[in-house]
Amino acid sequence: MPQAEQLVANPTYMADIRYFFDTIDIQHMAAKNIDLGSYAGVKKNALAIYAHTTQPGGDMPPEPDRKWSAERSQTFRNWIVAGYPMGTAVAPTIAALAAAAPAERIRKNVATLSPAEIEQLKTAFTGVMARDASDPTSYAALAGVHGLPQTWCLHHEDRFNPWHRVYLKAFEDALRSVPGCQDVTVPYWDISTPVPDLLKQPPFDSYVVAADLGPPYGAGYRTTRNDQAGIDAGLARYSVLQHINSALVQTLWGVSGVSGMQDDFIAAHDGGHMSIGPTMADQNVASFDPIFWFFHCNLDRLWLRWQVNDSATTLTGFTSTLEGNTGWLSAPFNALPPFDTTADQTIAFGIGYEEPAMAAEATLVNKLGSIAAARAFVIPPAAKVSVMVKNIDRLNIPGSFEVNLLADGEVVATRAFFQPNAPRDCENCRKLALVNVNFQLDADRITGRKLSVEVAVPGHEEIGARFPLSALGNPTINARLLLEDA
C-alpha cells in the first residue's frame, strides 16, 4: 500500500500509521534496538519518532527523498494526541489485488478439477504411495514427518501456520517428482461443503501405512474417517465454520488461547481434525489419511485470505499485526524443523489459490480482553465475553480432547484440542504443557449463571467428561468483557 500523504484527522495504527515505516526504516532502527515494525514498538517510541521526523528540520529518515511531509507528521501527531488507537485494517480493493505479483503456483478447489486434472492427481498420489518407505519422497516418509514416527509438527503456537505451509509445499514437491506430474498442485477441500466424491475413491479414500508404527497401530495400519453425517455433527459441535468466519475478520494475529486471528484459526483446525476422525482426530497418524492434505490446503488458503484482507502478505505488513511477541520471526526462534525454510520466509511464499476474488467488503474487528488506559474503547452493543480456561496441564490427557463450558449444568460451548495419544513423548507438547482454551460467547448466554468446566476424551468412554480437573493441574477460569477500539 503506498504511503498516504493526505492529512488524516482520526488516524489509527492498522489503517494508517503502520504504512509510514518501510523495510528500510524497520531494519535500520532494529540495529539500534528500536522496533518500528509493531504497534507496541511504534507506540513506545512515538514521541521520539515525531521529534526526529517533524518537518522542517527533522533528521530522520536521513535521505532527502524519504523525508516525511508536513501532512504525514501532522497525521502522526493526531494519532499520539488521540491516545494511539489501534483501529482495524482496511482490506485492499479488487484493483490492488489484481496489481499484486502473480503467484508461482495456483491451487484449485478439488470439487472443480477437470477430468485430466483428476487423473494427474491420482497418478501423483499413487506414485508417491508406491515408493518404498525408506525414500524421503514417499508417502509413508512424508506423512511420518507430521506424526509417527518422526513427530516434527508444531501446534498451538505462532509457528503453526508457517510450519504447515512449508509441509504442504514439501508434499506437493514430492507429487511433482512423479513422472508426468511436474505441474500438479495440491487442491483444497472447502470444509464448508460436503466431502467431494473424489476423496471417497482410491487413492484418496484411505491408506495402508507401509511401515510398522508400533503399538497400538502396528504394521499395516489402515486410515479411517467418519461418514458425512458424523463430520457434519462434529463441525457443528466444535463450531468450526463459526471459528473460520471469526478468524477471517480479526485484525490482530494473536496466539492460541488469546483473542485474535490465530486462536480462532487453531480452534477451527483442531475441531476439523476431531470432526473428520478417527484417524484425523489422532495426531500420531492424522497425516496418513489422504484427506489431511486437502484439509490443510484449505486452511492455508484461508490464512492467505486473511493475510490479503489484513495487508499482511509481506513480512513488514504481517509483523505490524503482531501486538505482542515478534521474536518467532527471527533466528533462532524462527526455525521450522526438519525444514530449512524459516517462519519469516513463509509470509510471502509465492503460492496462490484459484477462488473468487477476495473483495474488500470484509469488516475487520479488533476485540481485546484488556486495553491500555490511554486508548479509548467502546463496549459493543451485542457484547461478547471471553471465558478462558487457563493452565490446563495436558500431558496427562491420553490424546485429543474437548473442553466443555457449562452454564447451570448446560453445555454452552465446546472446544476441541488436537494432540498425540502420548503427549509426554512429544517435545513440542512438553514445551507447551500448560495450555489455555478460550471461549467467546454472547454475554447474555452466561450472565448470572453458574459456570463450570468438563474435560472429555472422545473414544475413552470410561473417562469421558469425568476426567478429574485435579489431574490437569487444577486449571482456573478467567472471564472478561471484550472491548473494541473507539
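**Group meeting: N161, two cavities and a small sheet**

I start with one residue, N161, which sits in helix α8, the helix that covers residues 160-176. Please keep in mind that what you have in front of you is a predicted model.

Is N161 buried or exposed? Its relative accessible area is 4%, and the cut-off for buried is under 20%, so N161 counts as buried. Which residues does N161 touch, once we set aside its neighbours within four places in sequence? The contacts are W253, Q262, F265 and W303.

Now to the cavities. How many are there of 30 Å³ or more? The count is two.

Take the largest cavity, with a volume of about 70 Å³. N161 belongs to its lining, together with F160, H164, R165, L168, F265, H296, L299, D300 and W303. Two names from the contact list of N161 come back here: F265 and W303 are in contact with N161, and F265 and W303 also line this cavity.

Which helix gives the most to that lining? Helix α8 does, with five residues. Helix α12, residues 291-309, is also involved: α8 and α12 each supply at least two of the lining residues. Sorted by class, the lining of the largest cavity has five nonpolar, three polar and two charged residues.

The second largest cavity holds about 40 Å³ of space. Its lining includes C153, H155 and H156, and also Q283 and R394. Further along the chain, F418, Q419, P420, C426, N428 and C429 complete the list. By class, this lining has five nonpolar, five polar and one charged residues.

Last, the sheet. A general point before the details: strands of a sheet pair through backbone hydrogen bonds, and the pairing is either parallel or antiparallel.

Here we have an open sheet of three strands, in the order β10-β7-β12, and the pairing is antiparallel. Why is one side of β10 and of β12 left without a neighbour in the sheet? Strands β10, residues 434-442, and β12, residues 476-481, stand at the edges and have a single partner strand each, so one side of each has no neighbour in the sheet. From one strand to the next, the twist averages 20°.

How many bridges join β7 to β12? Strand β7, residues 384-393, is joined to β12 by six bridges, and the two run antiparallel. To find one of these in the structure, look for M388, whose bridge partner in β12 is N478.

That is the end of my part.

Definitions and conventions
Residues are numbered from 1 along each chain as its sequence is written. This is a predicted model: local features need pLDDT of at least 70, side-chain atom pairs count only at pLDDT 80 or more; totals for chains, interfaces and linings use all residues. Side-chain values use heavy atoms; hydrogens and water are left out. Helices (H or I, at least four residues) and strands (E, at least two) are DSSP runs, numbered from the N terminus. Buried means under 20% relative accessible area, exposed over 50%, partly exposed in between (1.4 Å probe, protein chains only). Contact means heavy atoms within 4.5 Å. On a 1 Å grid over the protein atoms alone, a cavity is a set of points where a 1.4 Å probe fits but cannot get out, and a pocket is an open set with protein on both sides within 12 Å along at least five of seven lines; lining residues have an atom within 4 Å of a point. Grid points are joined across faces, edges and corners, and a volume is the space filled by probe spheres set on the points. Ala, Val, Leu, Ile, Met, Phe, Trp, Tyr, Cys and Pro count as nonpolar, Asp, Glu, Lys and Arg as charged, and the others, Gly among them, as polar. Two strands pair if DSSP finds at least two bridges between them. Axes are lines fitted to C-alpha atoms, for helices over the stretch in contact, and angles run from 0 to 180 degrees between N-to-C directions.
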